[in-house]
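The following paragraphs lead the reader through one molecular structure. Please keep the sequence and the three-dimensional view at hand while reading.

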Amino acid sequence: MKKFIIALFLGFSAMLQAQNTLSGIVTNLQNEPLKGVSVYASELHKGTTTDENGKYTFSNLPNRNLKISFTFVGFATQNKTINSLQKENTLDIILEEAIFEMDEVIVSTAFNKIQSQNVMKVEHESIKNLQRKGTATLIEGLATIPGVSQVSTGTSIGKPVIRGLSGNRVLVYSQGVRMENQQFGDEHGLGLNDSGIESVEVIKGPASLLYGSDALGGVLYFNPEKFADANTFKANFSQKYFSNTAGSSSSLGLKTSTDNWKFMARGSYNTHSDYKIAGGDRVTNTRYNETDFKTGIGYSNAKFSSVLRYNYNELDLGIPEDGISDQSTSKKTGFPKQGVFNHLLSLNNVFFFEKSKLDVDLGYVANDRSEFEDSNVAVLHMKLKTFNYNAKYHLPKMGKIETIVGVQGMYQTNTNLGEEYLIPDAVTNDFGFFGTANYEWKSNVLQAGLRFDNRKVTTDAQGIAGEEGSFEAIDKSYDSFNASLGYKTNLADDITLRLNVASGFRAPNLAELTSNGVHEGTNRYEVGNSNLKTEQNVQTDLNLEYKTDHFEFFVNGFYNHINNYIYTSPTGEVRDENAVFDYVQDNAKLYGGEIGLHFHPHPLDWLHFETSFETVTGEKQNGDYLPLIPANNWNNTIRTEFKIKNWLEDGFATLNVSSTFNQKNVSGFETESNGYNLVNLGFGGTVKLGKTVFDVNINGNNLFDKRYIAHLSRLKTDGIPNIGRNIVLGVNFNL
């Protein structure tokens, strides 16, 4: 079967004429060839590996500059730019052993620089590393990144928080497409599964220059898994077991490629019972089931690269309303519950010209969300359909100046099909254009950009004016100009300084403009305000890094001023036994940062110590505190790396202590939270038993079964603790 699939793809590509080639040999400092080095051209979604002689070969390459990365475990990644490729090109590489993380290419920023050359500090984390921490969901893993946390409802629902901003202030991108899934609400999560995702990049701060409205607080940019290396077929199966929820996660993936064609498919299924708190009680109806399917097909040659991807995600979520009630390990959700169906179709095309290129992303997202109170008839049913387009033209390089101009837009419809309405039927139109330039000399980089955006929102009237669930028709238009300026320099060989100033904006969302009724997710009666203005912010970021062979240190500081910050405020009234909250605006500020170090003592090459501290404070203009600001956190990890004879390679063992502090700086309707310490252990590696090879990891999270309530837990008002001890066992087989 494997040979048949490869032959099929070879048959298609054989009809294509091979053009430019690139080949070479990869060695270490002792001039010994390195086998298995990953060689990857990200613009072409094309990869290969070196053979036993350290040799690699690429064919069908464009007649222009091309970025190639060379990656091998235990060695420093090298990123090379090949200028003006000819018919036959040779590039030999010498890799040096390295201790710390790889210098990754950052896709979420404008010029796709490697991190060490990037003007903006972007957090990059592989999904494999997040999974090694044993977290049950993708958002739990993201919350371990400094500066990132989550608003959670048990283990099934999590909304990302970046430096105190969440909801519509944080954009999520997957497959190069903006995810739209009613993110104004707290009642469902990302709609993404971590299987089939390679890595995540976190922009902490306004990114409206590249992403438009709603990127005021930052961006989570998920990179899909790479296609197979040229002329190979790969299959893998992974399985996880979670003791706390008696849960399991299964994933099966297949992929193959030729020099030109590539194909992949992956299916996953997760199922969990109600989670247990410390002491053994279960929180009723926090169970959930998730089905996820991803597929993609791509083609590239010397003139263009095209990749079509599709992702289907289905969530069956229980809504916990009874607290700790009926005790069950059933995985069948009870009432009330939600059904969320998400379709994501993306098409990325890159057209290569002699000295320039055009990068076009098209996306379609269909989000279908239903809520069932006491039967399988949905009382709330919303369909959100979104078409996105994003075109960036990379102009010919002028000396040391790189320039990009682009247009970006969105057409979105929201339709209600159930009896209850949270927001009205509506149409949203976005359009923006921008330009940005990057000037690099010696160890200095200067980057600047300008952008204009317009958002139009029109809604239909619904119900009887003045009664619950009624909406007046609105027709609004919002304009915004934004700019960014960044500078990066090396103060010394080992010290990097980055300074960025950027503005961002966010138009009011439909809930803020139109709400008129009980919002079940927050247990309050919310009243919208159609006269709300656009949020506009300016943030200053400072990043300082010191890095040697055995020691890394970083400090990030930020100050974020937001005009017309939108939030809910209690009026003192009560309707339908729920407190009434109005949407209001005030100027606000958020400030804080992250600091950390990574120490690898020599000659103890197997030992690592990592520590980081994060803090954020959010205040209104009058000095009162903003709601939903995460507590300060101090995270410490000791990690060892080892090999056991011939049966365990790439072994690791970790001890992590996460200390969350008291949160006393709360808004008027919030309650204070106590601090807590969680201890986590991890062990794993690559096991070799004869010809059988597989990865294994075992994690013990909240090992001492600590009873605690996170400040941003939506179950906090009912006094329901977070998850207790959870033992996670995971295996991954390459078939």
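Where is the place of Met179? Met179 is in the loop between β14 (177-178) and β15 (197-204). The model in which this residue is seen is a predicted one. Met179 has a relative accessibility of 3%, and because buried means under 20%, Met179 counts as buried. Met179 and Leu190 are separated by 11 residues in sequence, and their C-alpha atoms lie 8.5 Å apart in space.

The strands may be considered next. Strands of a sheet pair through backbone hydrogen bonds, either parallel or antiparallel. One open sheet consists of 3 strands in the order β10-β11-β12, with antiparallel pairing. Its edge strands are β10 (148-153) and β12 (165-166), each of which pairs on one side only. Strand β11 (residues 157-162) is joined to β12 by 2 bridges, and these two strands run antiparallel. Across this pairing, Ile162 stands opposite Leu165 in β12.

Further along the chain, strand β27 (residues 444-459) runs antiparallel to strand β28 (residues 475-492), and 14 bridges join them. Which residue in β28 is the bridge partner of Val445? The partner is Lys488. Strand β28 also pairs with strand β29 (residues 495-506), in the antiparallel sense and over 8 bridges. Here Lys488 stands opposite Arg498 in β29. Lys488 thus appears in both pairings, as the partner of Val445 and as the residue opposite Arg498. The connection from β28 to β29 is a hairpin through 2 residues.

Charged side chains form another set of contacts. How many salt bridges does the structure hold? There are 31 salt bridges. One of them is formed by Lys113 and Glu440, whose closest N and O atoms are 3.5 Å apart. This pair links distant parts of the chain, with the two positions 327 residues apart in numbering: Lys113 is in the loop between β8 (93-94) and β9 (122-126), whereas Glu440 is in strand β26 (residues 426-441). Lys113 counts as buried, at 9% relative accessibility, while Glu440 counts as partly exposed, at 22%.

Lys547 and Glu552 also meet through their side chains in a salt bridge, at 3.4 Å from N to O. In this pair, Lys547 is partly exposed at 40% relative accessibility, and Glu552 is buried at 18%. A further salt bridge brings together the side chains of Lys643 and Glu649, at 4.0 Å from N to O. Lys643 is exposed because its relative accessible area is 54%, and Glu649 is partly exposed because its value is 28%. Salt bridges that share partners also join Glu123, Arg163, Lys204, Asp541 and Glu594 into one network.

Attention now turns to the surface. A patch of negative charge gathers ten residues' worth of acidic side chains, among them Glu321, Asp326, Glu373, Glu419, Glu468 and Glu577. Glu577 is located in the loop between β33 (551-575) and β34 (578-599), and counts as exposed because its relative accessibility is 79%. The surface also carries a nonpolar patch, formed by Phe263, Ile297, Leu308, Leu345, Leu362, Tyr364, Phe387 and Tyr411, which together have about 650 Å² of accessible area. Within this patch, Leu345 belongs to strand β22 (residues 337-352) and is partly exposed at 38% relative accessibility.

Finally, some backbone features deserve notice. Most residues other than glycine have a negative phi, and most peptide bonds are trans. Against this background, the peptide bond that joins Phe335 and Pro336 is cis, with omega of about -5°. Pro336 has its place in the loop between β21 (304-318) and β22. Another cis peptide bond runs from His602 to Pro603, with omega near 10°, and Pro603 lies in the loop between β34 and β35 (607-620).

Which sign does phi have in Leu628? Leu628 is not a glycine, yet its phi is positive, at about 60°. Leu628 is in the loop between β35 and β36 (633-644), and its relative accessible area of 34% makes it partly exposed. Asn702 likewise has a positive phi, near 50°. This residue is found in the loop between β39 (692-701) and β40 (726-734), where Asn702 counts as buried at 4% relative accessibility.

Methods: Residues numbered from 1 in each chain as written. Predicted model: local features only at pLDDT ≥ 70, side-chain atom pairs only at ≥ 80, totals over all residues. Heavy atoms only, no water. Helix = DSSP H or I, 4+ residues; strand = E, 2+ residues; numbered from the N terminus. Buried < 20%, exposed > 50% of the residue type's maximum accessible area, 1.4 Å probe, protein only. Patch = residues over 30% accessible without salt bridge, like charges linked within 9 Å, V, L, I, M, F, W, Y side chains within 5 Å. Areas by Shrake-Rupley, 256 points an atom, 1.4 Å probe, with all protein chains shown as cover. Lys, Arg positive; Asp, Glu negative; His and termini not counted. Charge placed at Lys NZ, Arg CZ, Asp CG, Glu CD. Pairing = 2+ DSSP bridges.
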